[in-house]
Structures are given as C-alpha cells and as structure tokens.
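Dear colleague,

I am passing the structure below on to you, together with an account of what turned up in it. Please have the coordinates open while you read the notes that follow.

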Amino acid sequence: KMSTAVKSSGIAIGLNKGYRITKRKPRVRPSRNKGMMSSRVAFIRAVVKEVAGLAPYEKRILELLKNGRDKRALKVASAKLGTYRRGKKKRDEISAIFLKQKQEAAARAKVIAAEKKAKEEADKAAWNQKMLTDIAEHRAQMMEEKEHNMSMDRHNEVEMLAVRRHADELF
C-alpha cells in the first residue's frame, strides 16, 4: 500500500484534488491474525519437539548438513515440504539444531577435560604427599638404625675394653 502523507487541497482538479477529510483507521480484522503463532502454541510445539525428537526426514536433513551437503539438504526439504521457501526455512531450523548440538558437545567435552585435569592434579598431589611421608619414614628409620649401630658400637667398645683388661690381668 502506498503512503497517504499528502493532504487533499479541497479543489476538484490538480495533483492534490479532493475533499478534505480525516482518514479513519480501519479495525483489524480476524483474518489478519490467521497463522500467527501464539505463545501457548509455541510452548506446546516446543514440548512436543523435545519429547518426540526429529521426524525421519528431519534426521536425514540433519545428516546431510553434518556431511556438509547443504544444497542436497535444501532439495530434500523442498521436496518434502512442497515449496522452496519452506525448504529454506526448515534447513535453517535444522542447521540451528545442529549448531546447538555442536555447542553442547563442545561444552560437555570442556567439562570432561576440566574434570580429568582436576583428577590428575588431585592424584599428583596425593602421590607427592605419599612420597613425602615415605621419605620422612625412611629418614626416621635410617636415624633409628644409625642410633642402634652407634649404641652397638659403644657396647662393642666396652666389651673390647673389658676383654683387654681381663687379658692384661692374665698376663
């Protein structure tokens, strides 16, 4: 529709001819709302799509998009849905689903990698702690052995002195 921004002049001839009036705004007819998506219908369709998943032809389009065959996916969608325009819309919808799946998979992989890294760090810290306790135990054991050997050496020296004294007394 063309814009009616030019006012009538009130004269019967000329470019702006016509009687001066105030244009009425026509009421919106119910037929103008036909095909409009309400929030309730959109919600119900989203729930059904989530529960039921993709239709077989949509799965085929998804596989074609995964393999990089966009044009073939468009042909399949157009053939199934009847028009080129509907096919383009469906291909775009399925490619959005594919993109969302890729992002979710990347996010899952990132979380798994972070968990794996945290587990490795925890294992490494536990191993380091075990090694430190083992080293401390080994040092304590070595010190005990050293003290024991030193006491045995003193004991042996005392015995040797006693034997020498006894030998000196005999001779």
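Is Lys 119 buried or exposed? Before the answer, please keep in mind that this is a predicted model. Lys 119 is exposed, with a relative accessible area of 54%, a value that places this residue in that class because the cut-off is over 50%. Its side chain meets that of Asp 123 in a salt bridge, at 3.4 Å from N to O, and Asp 123 is itself partly exposed, with a relative accessible area of 43%. Both residues belong to helix α4, where they stand four residues apart, about one turn of the helix.

Salt bridges that share partners also join Lys 49, Glu 58, Lys 90 and Glu 93 into one network. Within that network, the side chains of Glu 93 and Lys 90 meet in a salt bridge at 3.5 Å, N to O. Glu 93 and Lys 90 are three residues apart in helix α4, and are therefore separated by about one helical turn. The two partners fall into separate accessibility classes: Lys 90 is buried, with a relative accessible area of 13%, whereas Glu 93 is partly exposed, with a relative accessible area of 32%. A further salt bridge links the side chains of Arg 91 and Asp 92, with 4.0 Å between N and O, and Asp 92 is partly exposed at a relative accessible area of 44%. Over the whole structure, the search finds seven salt bridges.

Turning to the interior, the largest nonpolar core holds ten residues in all, namely Leu 54, Ile 61, Leu 62, Leu 64, Leu 65, Ala 73, Val 76, Ala 77, Ile 94 and Phe 98. Helices α2, α3 and α4 (84–170) each supply at least two residues of this core, and α2 gives the most, with four residues.

On the surface there are two patches to look at. In the patch of positive charge, Arg 60, Arg 69, Lys 71, Arg 72 and Lys 75 gather, and helix α3, which covers residues 70–81, contributes the largest share, three residues. Another member, Arg 69, is found in the loop between α2 (56–66) and α3, and counts as partly exposed at 46% relative accessibility.

The other patch is nonpolar and is formed by Phe 43, Ile 44, Val 47, Val 48 and Val 51, which together have about 480 Å² of accessible area. Of these residues, Val 48 lies in helix α1, residues 39–52, and at 48% relative accessibility Val 48 counts as partly exposed.

Helix α1 also contains Ala 42, which counts as partly exposed at 33% relative accessibility. For orientation when you turn the model, Ala 42 and Leu 81 are 39 residues apart in sequence, and their C-alpha atoms are 20 Å apart in space.

With best regards

Terms used. Residues numbered from 1 in each chain as written. Predicted model: local features only at pLDDT ≥ 70, side-chain atom pairs only at ≥ 80, totals over all residues. Heavy atoms only, no water. Patch = residues over 30% accessible without salt bridge, like charges linked within 9 Å, V, L, I, M, F, W, Y side chains within 5 Å. Areas by Shrake-Rupley, 256 points an atom, 1.4 Å probe, with all protein chains shown as cover. Lys, Arg positive; Asp, Glu negative; His and termini not counted. Charge placed at Lys NZ, Arg CZ, Asp CG, Glu CD. Buried < 20%, exposed > 50% of the residue type's maximum accessible area, 1.4 Å probe, protein only. Core = buried A, V, L, I, M, F, W, Y, C linked by side-chain atoms within 4.5 Å.
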